[in-house]
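User: Please take a close look at one part of this model, the charged side chains that pair up, and then at the packing around them. Plain wording is enough.

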Amino acid sequence: MKEYQALLKLQEVDIQLMRYNQQLHALLEGKRIPACTTALKKLKQQQTQLLAQRKDIETELQDNHDMQTHLQEITQNVKLEAQSAGSDYRRISDLELQLSSLAKKFEKLQFDEKKLKADLEKFKKAEHNAHLLQEKLRGELTSLKDEQAQNIEDIKRQAASLLHVRDEVKCGLTHEHMALYTSLKSRFNGICVEELKGNMPSVCCVKLQPSLYNKIKADQTIAECPYCHRLLIIASHDRS
């Protein structure tokens with residue numbers, strides 16, 4: 001490989017290495033994994049709220065059940081008392097009013113119980129759906145992390161292979177051109193070598209004046225572009 005070919009190859013390799021680095025950065029800074037993690041965190045908070053609300057309803061239901069049992073006991077006692085009241089009209093009338101009041105309270109408790117049971121089923125269903133979503137998100141997060149790890153490993157492996165190629169290509173360059181390339185690479189963000197196509201450099205695309213063109217073409221294979229000051233490969237030279 002001739003030196004001008006080594007320069008072009010080195011630039012090609014370095015550009016690809018830059019792409020690999022950008023890909024790694026994009027993978028590490030990707031939004032899908034943080035978004036999934038955030039969604040799981042929010043879901044956990046919702047599950048905690050749902051659990052607390054369900055527990056409250058279950059407590060209310062138990063209180064409701066206890067109150068119904070208590071009213072049934074009172075009702076039974078009042079009925080027994082009414083049976084033993086004999087012909088005491090006033091006493092019987094008071095007991096009937098008590099029974100009527102107890103019946104209304106019992107009916108209200110049964111109505112509330114029905115609503116509480118419906119609410120309880122609603123929250124149980126919401127908890128179940130939240131659990132299903134949690135399992136789905138956990139699976140997705142695991143898959144994303146596995147995919148990310150595999151992609152990172154693939155890129156690092158390809159980059160390591162390319163670094164070996166780079167070391168081999170560097171052997172085809174003089175210390176002078178290598179130092180110049182390194183300096184220009186930083187200055188031009190990796191694109192520091194261009195080719196002369198006709199009388200126009202391939203990167204800056206400013207046509208050479210005839211005098212400059214003839215001088216550069218006649219003198220050397222690797223020159224400096226008089227306009228952008230990149231390394232300029234003279235395309236008309238033999239590249240066999």
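Analyst: A salt bridge here is a side-chain nitrogen of Lys or Arg within 4 Å of a carboxyl oxygen of Asp or Glu. By this rule the count comes to 12. The model is predicted, and local features need pLDDT of at least 70, side-chain atom pairs count only at pLDDT 80 or more, while totals for chains, interfaces and linings use all residues. Residues are numbered from 1 along each chain as its sequence is written, and side-chain values use heavy atoms, with hydrogens and water left out.

Several of the pairs sit in helix α3, residues 89-170. Helices (H or I, at least four residues) and strands (E, at least two) are DSSP runs, numbered from the N terminus. One pair is K108 and D112, with 2.8 Å from N to O. These two residues are 4 places apart in α3, about one turn of the helix. For exposure, buried means under 20% relative accessible area, exposed over 50%, and partly exposed in between (1.4 Å probe, protein chains only). K108 is partly exposed at 48%, and D112 is partly exposed at 25%.

Another pair is E135 with R138, whose closest N and O atoms are 3.4 Å apart. Only 3 residues separate E135 and R138 in α3, so they are about one helical turn apart. E135 has 39% relative accessibility and counts as partly exposed, and R138 is partly exposed too, at 41%.

R157 pairs with D154, and here the closest N and O atoms are 2.9 Å apart. R157 and D154 are 3 residues apart in α3, again about one helical turn. R157 is partly exposed, with a relative accessible area of 48%. Salt bridges that share partners also join D14, R166 and K185 into one network.

D14 leads to helix α1, where it is one of the buried residues, along with others including L7, L8 and Q11. α1 has 26 residues and reaches 37 Å from its first C-alpha to its last, close to the 38 Å expected; the expected span is 1.5 Å times one less than the number of residues. The buried residues of α1 pack against α3, α4, β1 (193-197), β3 (222-224) and β4.

Next comes the nonpolar core, a set of buried Ala, Val, Leu, Ile, Met, Phe, Trp, Tyr and Cys residues joined through side-chain atoms within 4.5 Å. The largest one has 16 residues, and L7, Y181, V193, L231 and I233 have the most contacts inside it. At least two residues each come from α1 (3-28), α4 (175-187) and β4 (231-234). α1 gives the most, with 5 residues. V193 touches L7, L8, Q11, Y181, V203, L231 and I233, leaving aside residues up to four places away in sequence; contact means heavy atoms within 4.5 Å. Apart from this core lies another, of 14 residues, among them L120, F123, A130 and L141.

The strands form an open sheet of 4, in the order β2-β1-β4-β3 with mixed pairing. Two strands pair if DSSP finds at least two bridges between them. β2 (200-201) and β3 are the edge strands, each pairing on one side only. β1 and β4 pair in the parallel sense over 4 bridges, and L196 stands opposite I234 in β4.
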